[in-house]
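Q: Please take a close look at one part of this model, a strand and its pairings. Then follow the chain from there to whatever else can be said about its surroundings.

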Amino acid sequence: MDVECSLCVLKFGGTSVGSGDRIRRVAQIVAQAASKALDEAAPFPVVVVSAMSGITDQLLRIAHHARRSESHEWRRELAALRERHLQAAEKAVHDGKRLAELNAALEQALAGLEREAASCEDYVDAVAAWGERLSVLLLAAAINDLGLPGVTANPVREEVIVTGEPQGSAPSEPGAVIGAEPLEEETRARAQLLLQPLLQERTVPVVPGFIGRTRAGLVTTLGRNGSDYSATVIGAAIDCGEVAIYTDVDGVMSADPRIVANARLLPALTYAEAARLSWFGAKVLHPRTLIPVAQRNIPVRVRNTFRPQMQGTLIGP
């Protein structure tokens with residue numbers, strides 16, 4: 001991407017943004033990274049965020065009930081989802097005026113979700129996409145609420161990733177979505193269109209993970225557990241220097257610490273080693289995550305949102 005500074009991608013999963021307090025903690029990590037970039041010429045962050053933990057499952061239940069014309073059930077789920085996001089907003093944003101603006105934006109988005117659910121028939125991905133759309137509003141407002149000099153964030157409300165058509169028919173179970181595959185060149189062009197104006201203004205883009213759109217504008221997802229994958233797809237599209245995946249563990253361990261008492265943190269892995277671990281059941285990274293960045297030798301660092309002083313595990317060539 002044609003920008004004057006180097007870039008990094010900071011990806012935060014559902015547990016990292018699972019509550020208002022956690023969203024504010026993430027905002028502090030992002031704001032510090034942006035401040036460091038402005039003061040010390042460090043890589044400037046592009047943030048990719050997941051839905052709050054449990055929200056995608058709730059959205060899929062809404063879609064499931066809506067497809068079965070179970071109006072009472074999906075509206076009850078929607079009311080609970082609305083309340084959770086408004087409660088998170090109160091914890092994440094302290095300034096009264098900014099909170100009011102955030103609540104108005106959330107209500108507008110929730111009205112869009114309600115319309116989508118009311119018309120949901122066969123295609124559930126359009127409903128499943130709303131969790132990330134709500135998250136970007138919360139996190140961007142929380143970053144701005146911190147008031148760091150020169151640090152501003154902007155929610156990117158459109159899908160950055162361009163995908164092919166989703167494969168297969170509509171899932172019959174409430175916990176399923178149809179995955180689509182990213183298109184490399186189209187995604188690179190769309191990232192340029194949506195992100196470069198913000199980056200030129202030194203504004204942190206807060207981008208929805210997990211979701212994409214086809215060339216024709218149909219909303220898609222990258223499939224279950226596709227959120228980290230979306231971060232590396234975007235990282236490759238903007239030629240970033242590193243993708244940092246923030247989760248709830250210190251990095252990649254030598255074994256499952258719940259089973260092996262002397263399991264230790266692995267400070268570095270090759271792409272091949274990390275891929276083998278993921279294929280054999282390691283839960284830290286989805287097997288597809290490394291594919292987009294390995295082709296461009298972009299390293300991935302797995303870090304702990306709740307212990308950001310830890311350097312985590314660096315995965316690279």
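A: In this predicted model, strands β3 and β5 run parallel and pair over four bridges. One contact can be named: Ala 153 has Val 204 of β5 as its bridge partner. β5 also pairs with strand β2 (residues 44-49), again in the parallel sense, over three bridges. There, Val 48 stands opposite Val 207 in β5.

β5 itself spans residues 203-208 and is mostly covered, with six of its six residues buried. In a regular strand, side chains alternate between the two faces of the sheet. β5 can be read that way: Thr 203, Pro 205 and Val 207 point one way, while Val 204, Val 206 and Pro 208 point the other way. Residues of both sets are buried.

Now take the two ends of β5. Before it comes the loop between α7 (184-200) and β5, and Arg 202 sits in that loop. The phi of Arg 202 is positive, near 55 degrees, and the residue is not a glycine. Arg 202 has 25% relative accessibility, so it counts as partly exposed. Its charged end sits over the ring of Phe 44, 6.0 Å from the ring centre. Phe 44 falls in the residue range of β2, 44-49.

After β5 comes the loop that leads to β6 (211-214), and Phe 210 lies there. Phe 210 also has a positive phi, about 75 degrees, although it is not a glycine. Its relative accessible area is 4%, and it is therefore buried.

β3 has its own approach. The loop between α6 (130-145) and β3 (152-155) holds Val 151. What is the burial class of Val 151? Its relative accessibility is 5%, under the 20% limit, so Val 151 counts as buried. Across the fold, Val 151 and Ala 33 are 118 residues apart in sequence, yet their C-alpha atoms are 9.6 Å apart in space. In the residue range of α6, there is another charge over a ring: the charged end of Arg 133 sits over the ring of Trp 130, 4.5 Å from its centre.

Ala 33 leads on to a pocket. Ala 33 is among the residues nearest the centre of the second largest pocket, together with Leu 10, Lys 36, Tyr 246 and Arg 303. The lining has 15 residues, and about 400 Å³ of space lies inside. Elements giving two or more residues to this lining are β1, α1 (20-40) and β8. α1 gives the largest share, four residues. By type, the lining residues divide into ten nonpolar, two polar and three charged.

Two of these elements, β1 and β8, are paired strands. They run in the parallel sense over five bridges, and Cys 8 stands opposite Glu 242 in β8. β8 also pairs with strand β10 (residues 300-304), in the parallel sense and over five bridges. In that pairing, Thr 247 stands opposite Asn 304. β8 is mostly covered, with five of its six residues buried.

The rings come next. A pair of aromatic rings is described by the distance of the centres and the angle of the planes. How many aromatic pairs does the count give? The count comes to one. Phe 12 and Tyr 246 form it, with 4.7 Å centre to centre and 20 degrees between the planes, which makes the pair stacked. The partners come from distant parts of the chain: Phe 12 is in β1 (residues 7-12), Tyr 246 is in β8 (residues 242-247), and 234 residues separate them. Both Phe 12 and Tyr 246 are buried.

Ahead of β8 in the numbering lies helix α8 (residues 227-237), mostly covered, with eleven of its eleven residues buried. Among them are Asp 228, Tyr 229, Thr 232 and Ile 234. Asp 239 follows α8 and has a positive phi, near 55 degrees.

One more loop gives a contrast to the buried residues. Asp 95 is found between α3 (71-92) and α4 (96-118). With 35% relative accessibility, Asp 95 counts as partly exposed. Its C-alpha atom is separated by 23 Å from that of Ala 51, at 44 residues apart along the chain.

Terms used: Residues are numbered from 1 along each chain as its sequence is written. This is a predicted model: local features need pLDDT of at least 70, side-chain atom pairs count only at pLDDT 80 or more; totals for chains, interfaces and linings use all residues. Side-chain values use heavy atoms; hydrogens and water are left out. Rings of Phe, Tyr and Trp (its six-membered ring) pair if their centres lie within 6.5 Å; planes under 30 degrees apart count as stacked, over 60 as edge-to-face and the rest as tilted. Buried means under 20% relative accessible area, exposed over 50%, partly exposed in between (1.4 Å probe, protein chains only). A charge sits over a ring if NZ of Lys or CZ of Arg is within 6 Å of the ring centre and within 35 degrees of the ring normal. On a 1 Å grid over the protein atoms alone, a cavity is a set of points where a 1.4 Å probe fits but cannot get out, and a pocket is an open set with protein on both sides within 12 Å along at least five of seven lines; lining residues have an atom within 4 Å of a point. Grid points are joined across faces, edges and corners, and a volume is the space filled by probe spheres set on the points. Ala, Val, Leu, Ile, Met, Phe, Trp, Tyr, Cys and Pro count as nonpolar, Asp, Glu, Lys and Arg as charged, and the others, Gly among them, as polar. Two strands pair if DSSP finds at least two bridges between them.
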